Each structure stands twice: as structure tokens, then as C-alpha cells.
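Here's a quick briefing on the model you have open. Take a look at the structure first, then we'll go through it topic by topic.

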Amino acid sequence: MKILIMVDFVLAASLMDVIGSSDLQKCFQEQIRLQGQVRLLEHRVKQQQLKITQLLEKKLIQYSDREDENSVIDLGGKRQYSDCAELYNEGHKKNGFYKIKPIQSPREFFAFCDMTEGGGWTVFQRRSDGSQNFDRLWADYEEGFGNFVLKNGEFWLGNKNLHYLTNQGNYTLRIDLTDFEGERRFAQYARFRVAGEEHSYEMNCGEYSGTAGDSLTGGFHPEVKWWADHRGMKFSTRDRDNDNYEGNCAEEEKAGWWFNRCHSANLNGLYYRGPYTAKTDNGIVWYTWHGWWYSLKSVVMKVRPADFECNIV
């Protein structure tokens, strides 16, 4: 064994003499140079991959924006629809703004149709990002305001339109709520109706069901109904005080709403991002879920006929 090792050593030494130390050094230098080029190419590949990812994200945003821009759906005026339930049962299953004309309404108007949750929901309020000011006067709430183009735009359909819509029959109210932790809950009320201008758009509703708790009728405790029940309340704004409070709830809470003394639900409040501090509980509040001092991320209020049955079209 020792003889073999010695022979290997002698052969290696002889090979070094043949190659020469300068040639070996050049070989090592070439190896280092190639390794450097490989690292440079790897870096460039990573840069290109990052650029491709950024371009794809930009393209997705552009497609999303384009989808927002196209959320107004023109049916060509072939016929008039009284609500989104009629549209759904005529085969129009895509979410978006459609023209509707409730039976007693003197004109058509755009309303967002939510074709999820069974379809046929007419949305009359949406909060999503704080882009719209909901601390507005009576006339704004009466006629409606906000973004009626973008699919996630904030808006109030208008008390006048809401009256025409809900007085066509027996409507169910559904309220979808989302917090900043990504959790979703809902509240649903039977027999939702908004009276006309002569009754200051008084709101009434029936039994509650859902997962968010009953903040709209004060059903979470019998002793709070005298101040927390919003049923039978006229609509209030800071320039039209119709609440049961000695002061002006709409002015203090920075919103138009069916205030009592003042609220356990204020879904038109100021847009904060979760927990907040203020002189009054003026955030987007649903008391039975997150209390008074947590402002929700998103809200959708929508109605649909109670006897709605989905036609298979």
C-alpha cells in the first residue's frame, strides 16, 4: 500500500512538472472567472423574474381597474326592471350597476345588483375605503350620493329611491359586515321598509337572524330598547334633527342615520381603521359585534323580495 501511495505522489509531481505552475494558476483563474459569470447570470435572472412579477401585478391591477370601469351594465333599455331580483330572474347574473325603476318611481336610476348570496340583491349602501364623505345634509341623503361606477365604490342610493324600492312589497334586509382582521358577519331582518318624505323616511323592520348580533333593533338586551331600537325612527342629518336625543345625534356622530338616543348601529359613521378614539362613538359601528369603539372595514346594505325564488335561466 505504501508503495502505491508513493507511486501516486511521484506521478502527481511529475504531472505538475509537465503542466507547469503558471498553467495551473491560469486554470484556477479561469475557474474563478467562470464562477463569477455564473453568479452574475443568476443575479440577472432573478432581476428579470422580479420584473416579470411586477409587470404581471401591474397588468392585474389594470384588468381590475378596467373591470371597475365596466361595472355599469347597459342592457339597451329593452325593458324596465323594478329591482335586481327581476334582473336576476331574467338571466342577468353579473354583479354591477343596472338601471332599475321601482313601480312608483317617476324615473329610472342606477343601483348596484349583488348577484351573490342567492342573487337578486339591490344594494343601497356600501362602505369600503373611506373615499366618500357620509357626513352630509338632508338633500344629499334624500337624492343619493357617491360613486355609482366602480364596483367597490362607496355610495348611498338615496332615501327617496329606497322608499320607492321597499314599498313595492315585502323586502328582506341583509347587512354584510367585514372587520380589519378579515372576519365576516351578517345581520338579516324581515319586512324592511322605508316610509316616504312626508314621514321623514321612517324605517321599520321585523325579526333578526344572522351572525353579527341584533344592533338595529336593540335585541341584544330588553332594557336597552328605549334608546337602542332604531325601528320607527325617522331619518336624521345634521340639518334635520329627528332623533329622540336632547342634542343632535347626526351632528355628534358625523352621519345621516335612523338615530334614536343615539345608536347601537351607525353604519354611515366616520371611516376609521379598526379601534379608534373620539369624543363620541362616531365610527362605523355595529355594537353587538365589535362594540362602540371599533370601526368596521366594509359594509354592504342590500334588500331583496322576501318571496324571491331563483329561476334557472
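Is arginine 107 buried, partly exposed or exposed? Arginine 107 is partly exposed, because its relative accessible area is 36%; buried means under 20%, exposed over 50% and partly exposed in between, with a 1.4 Å probe and protein chains only. This is a predicted model, where local features need pLDDT of at least 70, side-chain atom pairs count only at pLDDT 80 or more, and totals for chains, interfaces and linings use all residues. Residues are numbered from 1 along each chain as its sequence is written, and side-chain values use heavy atoms, with hydrogens and water left out.

**Confidence**
- The protein chain averages a pLDDT (the predictor's confidence in each residue, from 0 to 100) of 87, and 85% of the residues score at least 70.
- Residues 1-13 fall below 50 and have 0 contacts beyond near neighbours in sequence, a contact being heavy atoms within 4.5 Å.
- Residues 57-68 also stay under 50, with 4 contacts beyond four places in sequence.

**Salt bridges**
- The whole structure has 15 salt bridges, each a side-chain nitrogen of Lys or Arg within 4 Å of a carboxyl oxygen of Asp or Glu.
- Glutamate 143 pairs with arginine 107, with the closest N and O atoms 3.8 Å apart.
- That pair links helix H4 (residues 138-143) to the loop between strand S1 (96-100) and strand S2 (109-114), 36 residues apart; helices (H or I, at least four residues) and strands (E, at least two) are DSSP runs, numbered from the N terminus.
- Glutamate 143 also forms a salt bridge with lysine 160, at 2.9 Å from N to O.
- Lysine 160 sits in helix H5 (residues 159-166) and glutamate 143 in helix H4, so this pair ties together parts 17 residues apart in sequence.
- Glutamate 143 is partly exposed at 38% relative accessibility, and lysine 160 is partly exposed at 23%.
- Aspartate 229 and arginine 231 meet at 2.8 Å, N to O; aspartate 229 is buried at 13%, while arginine 231 is partly exposed at 31%.
- Asp114, Glu117, Arg174, Asp176 and Lys302 join into one network through salt bridges that share partners.

**Nonpolar cores**
- The largest nonpolar core (buried Ala, Val, Leu, Ile, Met, Phe, Trp, Tyr and Cys residues joined through side-chain atoms within 4.5 Å) has 55 residues, and Phe124, Trp258 and Trp286 touch the most other members.
- A second, separate core has 5 residues, among them Phe97, Phe112, Phe155 and Val300.
- Leaving out residues up to four places away in sequence, tryptophan 258 touches residues including Phe124, Trp156, Tyr201 and Phe235.
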